[in-house]
Amino acid sequence: MTSKISAEPGNGTVLTHHGRDPVNQYGFVNPPVVRGSTVLFPDLETLQTRNQKFTYGRAGNPTTDAMEALVTELEGAHGTRLAPSGLAAIAVALQSVTKAGDDVLVSDSAYEPTRLFCNGVLSRFGVNVRYYDPRIGGRISDLIQDNTSAVFTESPGSLTFEVQDLPAIAAAAHERGAAVITDNTWATPLFHQPLKLGADIVLHAGTKMFIGHSDAMFGTVSANEEYWPALFQTHRQTGTCASPDDAYLAGRGMRTLHLRMAAHRDNALELATWLETEAGVTRVLHPALPSHPDHKLFKRDFSGSGSLFSIVLARRDDEALRAFFDELRLFGMGYSWGGYESLAIPVDPARARTATKWDANGQVIRLHIGHEDTDDLKADLAHALGRYLAK
Ligand SMILES: *Cc1c(COP(=O)(O)O)cnc(C)c1O
């Protein structure tokens, strides 16, 4: 349903009014959860011509349609399909633009399971995978070969938060006919719209900010008009689909995405700014901080920042690390982020890099800042940092 309120409604209006159709939902505000495999046809002619909006459970239903419409609108895409996880969305995006004999360029700072899919599956099917410096910008043209069919970006990078020059990368890729795929999980379409900056396909680990409450796995993948047919067909041919219950939860999460993202942005930035002055913290890797090396690029291409950033502690010491984590009371320890509670995990960016060297010789900790009161979060971290330094 399209809002008639204004020609270009703001994100809050889109999130409130798109992706539901009360008139055709017996007046109920939210789309129904339609569970189903079999779709019945009223007569033989309709069955034979498939001249009916829904034909098979896997191909979509009113619940999944509503969520797709919402993401399509937010990303300015031609169309969106759903996936059972973010990684499944990554897989279908890469499969849609590659074939045996092709070459793919993947950012060295990409989410590690993206590498595992590329190295474990794509390469087994005859696709050559190479990794590149996330800060390469337009110089990526030196790496693009005649058989390069896709450039994969994720900005800012997982764990290390390098911002990529997407317009420059897209211009170089398009000059040689390669597709650009962007993992936009961190910023969400509210703060970053890759398709408008030159990407062809944009995907989300909907598990994180869209679901927003740590209670489901989910993914979305959207394309511009040029890449939509390939994405649509590959999604169909691989049997990728999301459960209607999870699509409903994602749609429910979307209704407050702008409110949650504003709170995540403000709390995370306040914590990051404070951590820059804390003893024992040598670096804060958050692109919205003026101290971040890619801050100018970030300001040019993003309208806000997410919940996730990393800090580097002065030294690496297993005993001190144990003291830090075992003293945390509010920060949970867990990998999947995007929910309402704050999280912290120790990470080792050097482990999953091949094109660039991670040279910060200190302990890196990735933080997700949730909706607790920031004074309480600061007290929790200050206490744990004190224990770290005392060891
Ligand atoms: C978590 C994450 C994924 C994978 O999502 P899942 O739903 O856990 O499969 C992909 N990209 C980024 C940036 C992530 O943080």
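Here is a short walk through the pockets, the cavity, the helix contacts and a few backbone oddities of this model.

1. **Ground rules.** This is a predicted model, where local features need pLDDT of at least 70, side-chain atom pairs count only at pLDDT 80 or more, and totals for chains, interfaces and linings use all residues. Residues are numbered from 1 along each chain as its sequence is written, and side-chain values use heavy atoms, with hydrogens and water left out. Helices (H or I, at least four residues) and strands (E, at least two) are DSSP runs, numbered from the N terminus.

2. **The largest pocket.** Start here: this pocket has a volume of about 750 Å³. A pocket is an open set of points on a 1 Å grid over the protein atoms alone, with protein on both sides within 12 Å along at least five of seven lines, while a cavity is a set where a 1.4 Å probe fits but cannot get out; lining residues have an atom within 4 Å of a point. Grid points are joined across faces, edges and corners, and a volume is the space filled by probe spheres set on the points. The largest pocket has 42 lining residues, with Tyr111, Glu112, Pro113, Ser158 and Arg366 nearest its centre. Two or more lining residues come from each of α4 (86-96), α5 (112-122), β6 (201-204) and β10 (343-347). Sorted by class, the lining has 21 nonpolar, 12 polar and nine charged residues. Here Ala, Val, Leu, Ile, Met, Phe, Trp, Tyr, Cys and Pro count as nonpolar, Asp, Glu, Lys and Arg as charged, and the others, Gly among them, as polar.

3. **The second largest pocket.** About 480 Å³ of space lies in this one. It is lined by 20 residues, and Lys53, Phe54, Pro62, Asp65 and Ala66 are the closest to its centre. Helix α3 (residues 62-75) is the top contributor to this lining, with five residues. The class split is nine nonpolar, five polar and six charged.

4. **The cavity.** The structure holds one cavity of 30 Å³ or more, and the largest cavity has a volume of about 80 Å³. Its lining includes Thr63, Ala66, Met67 and Leu70, along with Ala247, Tyr248 and Gly251. Helices α3 and α9 (244-254) each supply at least two lining residues. Ala66 is worth a second look, as it appears both in this lining and among the residues closest to the centre of the second largest pocket. Six nonpolar, four polar and two charged residues make up the cavity lining.

5. **α4 against α5.** The axes of these two helices come within 10 Å and cross at roughly 45 degrees; axes are lines fitted to C-alpha atoms, for helices over the stretch in contact, and angles run from 0 to 180 degrees between N-to-C directions. That angle makes α4 oblique to α5 (under 35 degrees counts as roughly parallel, over 145 as roughly antiparallel, 65 to 115 as roughly perpendicular and the rest as oblique). Leu87, Ile90, Ala91, Leu94 and Gln95 in α4 meet Pro113, Thr114, Phe117, Cys118 and Leu122 in α5, where contact means heavy atoms within 4.5 Å. Eight of these residues are nonpolar, two are polar and none is charged.

6. **α13 and its two partners.** Helix α12 (residues 318-327) and helix α13 (residues 374-390) have axes that come within 8 Å and cross at roughly 155 degrees, which means α12 is roughly antiparallel to α13. On the α12 side the contact is made by Ala320, Leu321, Ala323, Phe324 and Glu327, and the α13 side includes Leu381, Ala384 and Leu385. Helix α10 (residues 257-275) also reaches α13, with axes within 10 Å and a crossing of roughly 35 degrees. In that contact, Asn267, Glu270, Leu271, Trp274 and Leu275 of α10 meet α13 residues including Leu377, Leu381 and Leu385. Seven nonpolar, two polar and two charged residues make up the α10 contact with α13.

7. **Backbone oddities.** Most residues other than glycine have a negative phi, and most peptide bonds are trans. The bond from Ser155 to Pro156 is cis, with omega near -5 degrees, and Pro156 sits in the loop between β4 (148-154) and α6 (166-175). Leu159 is in the loop between β4 and α6 too, with a positive phi near 75 degrees. Arg50, in the loop between α2 (44-49) and α3, has a positive phi of about 50 degrees although it is not a glycine.
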